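Subject: Handing over the structure, with notes on what was found

Dear colleague,

I am passing this structure on to you, and since you have not worked with it before, I have written out what was found in it. Please look at the sequence and the model first, and then read on.

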Amino acid sequence: MPEYGIRRARRAAAAGLTVAALAAGATTAAGPAAARPEAAATAAPAADCSAAYRIEQKLSTGTTWRMCWHYDSKAGLVLEKISYQPKGEPKQIRVLNSARLAQIHVPYDDGQHEYSDLTGEDYAQFLMNLSPAECPGGTIRTVKVPDAVDPEHPDVQGLCTTTRARGHAYRMHDDLGTGKVYQAQGKDFLVYTVNQVGWYEYITEWRFQDDGTIAMNVGATGSLSWDDYDSGDGRGWPIGKGAKAYATSHSHNVFWRLDFGLDGSSRTKAEQYDSAVSPRTGRQQGPTTKTTRTTVTREMAGDLKDYRWWRVVSATGRNKDGHARSYEIVPGPTTKYLGRSFTKHDLYVTEYDPCELFASDNPKCGHGHPASVDQWVGGQTLTHPVIWMNVGFHHIARDEDQQPMPVHWQGFAIVPRDVTAMNPLTPRDLEWQNGHWAPRS
């Protein structure tokens, strides 16, 4: 059976398992109270975010995250109206209008198969039921899946919200000679789903940290496709005894779409920073580094480079020091796939268009509208910029990928830059040190 047929067969089997799990829902729902599934939501979220679609979590370190959610028939979980309120801030700070996956593009090295898992492979329809054990200490919400494979069983216990320790948030010796050590253990709030496409199971995780960072990750796990153990053209890797079964190598190019709404305004601006290092001259002890800022006024395609970074800046909000609030984009490790025009860049900035929702094979726009993000970069002036991130992974299988396959994560983060006047987790004893280096008199 060809790979396409294998994918279809695997999904059909998964559908059967999903129906069986739902049929047993009366017993599986009786797990620990900390992870008990909530009642199924029955409609798309209202503009004011009804209680069924509202998520709010105050972490033990004092930070509160709030957001709305809905489940899209192709993108799966979509988060909206995301706000952050650290301790000491009188009100919540809006960060994002919406955040969503925008494509998982999977081309095979032999050129025989190429998939768009979100828009072409029923990613959203194969939302998996989660057990209490895989949502430790959290709550499992029931999702009504649009265009469900089995229309009589559209409800899936598939959305986990939970908290998790992150390790040290900071540690420092008091610089006044008291010998006191300041340290705090960070806390994260996690929101995630699991969707199956063929042999793969994708964990789509949104991690909201108590320091204001938002990390977006997709973890690929599940199985290697045993029908692909036939790559004898030098492009695969031997799996199993000897050198008979070769797994076909392939890429996972994951896109995210972020619509920023810092401080409640979509009229944000994007900036690019580049630094250049010059050799030591004269009496200098070392080389010099100069950083320049470029305001991104028109749509652009950007590429990662040493000493380059981007941020999105609020048009209206400032912190208590009078500095404009912004979020810096921090890419994760990536392997750029050069086989398609839309995967040739790491970041795109486009002007907001409500129909432009998927980075490739975008089905939402009218006839004649380009179908991929690279074609939307047409030099239009930016008044409401949308950020698209592309993070790639070239998967050359290894013996340890079976069985089951360990989770491989790929993703990026957005990190607050001047959102608060000091570290949002600053202990009370140190709050006076904002901008000061000497002890108080």
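The notes below take up the sheet, a hairpin, the disulfides, the pockets and one loop residue. Please keep in mind throughout that this is a predicted model.

**The sheet**

An open sheet is built from 10 strands, which follow one another in the order S6-S7-S8-S9-S10-S21-S18-S17-S14-S15, and the pairing within it is antiparallel. At the edges stand strand S6, which covers 139-144, and strand S15, which covers 288-296, each of them pairing on one side only. If you compare neighbouring strands of this sheet and ignore their direction, they are turned by 25 degrees against each other on average. As background, the strands of a sheet pair through backbone hydrogen bonds, and they may do so in a parallel or an antiparallel way.

For a closer look at one pairing, you could turn to strand S14, residues 269-278, which runs antiparallel to S15 and is joined to it by 9 bridges. Within this pair of strands, Ala276 has Lys290 of S15 standing opposite.

**The hairpin of S1 and S2**

Strand S1, residues 54-58, and strand S2, residues 64-72, also pair in the antiparallel sense, and here the pairing extends over 5 bridges. One of the residues to look at is Gln57, whose bridge partner in S2 is Trp65. The two strands, S1 and S2, make a hairpin with 5 residues between them, and in its turn Gly62 has a positive phi of about 105 degrees.

**The disulfides**

How many disulfides does the structure hold? There are 3 of them, and when the bonded cysteines are counted along the chain, they follow the pattern 1-2, 3-4, 5-6.

Strand S2 comes up again here, in the disulfide that joins Cys49 to Cys68 with an S to S distance of 2.1 Å. Cys49 lies in the loop between helix H2 (25-28) and S1, while Cys68 lies in strand S2, so this pair ties together parts that are 19 residues apart in sequence. The link of Cys49 and Cys68 is left-handed, with -130 degrees about the S-S bond, and both of these cysteines are buried.

A further disulfide is formed by Cys135 and Cys160, whose sulfur atoms are 2.0 Å apart. This pair links distant parts of the chain, 25 residues apart, with Cys135 in the loop between helix H3 (117-120) and S6, and Cys160 in strand S7, residues 155-173. The link of Cys135 and Cys160 is right-handed, with 85 degrees about the S-S bond, and Cys135 and Cys160 are both buried.

The remaining pair is Cys355 and Cys365, which form a disulfide with their sulfur atoms 1.9 Å apart. Both Cys355 and Cys365 are placed in the loop between S19 and strand S20 (385-395), and they are 10 residues apart. The torsion about the S-S bond of Cys355 and Cys365 is about 90 degrees, so this disulfide is right-handed. Cys355 is buried, with a relative accessible area of 16%, and Cys365 likewise counts as buried, at 15% relative accessibility.

**The pockets**

The largest pocket holds about 270 Å³ of space. Its lining includes Lys87, Gly88 and Glu89, as well as Lys320 and Glu431, and among the others are Thr420, Ala421, Met422 and Asn423. By class, this lining has 4 nonpolar, 4 polar and 4 charged residues.

The second largest pocket has a volume of about 200 Å³. Of the 13 residues that line it, Leu130, Glu134, Tyr192, Val194 and Ile203 lie nearest its centre. Strand S8 (181-197) and strand S9 (200-209) each supply at least two residues of this lining. By class, the lining of the second largest pocket divides into 7 nonpolar, 2 polar and 4 charged residues.

**One loop residue**

Where is Gly339 found? Gly339 sits in the loop between strand S18 (324-331) and strand S19 (347-351). Is Gly339 buried or partly exposed? Gly339 counts as partly exposed because its relative accessibility is 45%. The C-alpha atoms of Gly339 and Pro107 are separated by 8.7 Å, although these two residues are 232 residues apart along the chain.

With best wishes,
A colleague

Key. Residues are numbered from 1 along each chain as its sequence is written. This is a predicted model: local features need pLDDT of at least 70, side-chain atom pairs count only at pLDDT 80 or more; totals for chains, interfaces and linings use all residues. Side-chain values use heavy atoms; hydrogens and water are left out. Two strands pair if DSSP finds at least two bridges between them. Helices (H or I, at least four residues) and strands (E, at least two) are DSSP runs, numbered from the N terminus. Axes are lines fitted to C-alpha atoms, for helices over the stretch in contact, and angles run from 0 to 180 degrees between N-to-C directions. On a 1 Å grid over the protein atoms alone, a cavity is a set of points where a 1.4 Å probe fits but cannot get out, and a pocket is an open set with protein on both sides within 12 Å along at least five of seven lines; lining residues have an atom within 4 Å of a point. Grid points are joined across faces, edges and corners, and a volume is the space filled by probe spheres set on the points. Ala, Val, Leu, Ile, Met, Phe, Trp, Tyr, Cys and Pro count as nonpolar, Asp, Glu, Lys and Arg as charged, and the others, Gly among them, as polar. Buried means under 20% relative accessible area, exposed over 50%, partly exposed in between (1.4 Å probe, protein chains only). A disulfide is a pair of cysteine sulfur atoms within 2.5 Å.
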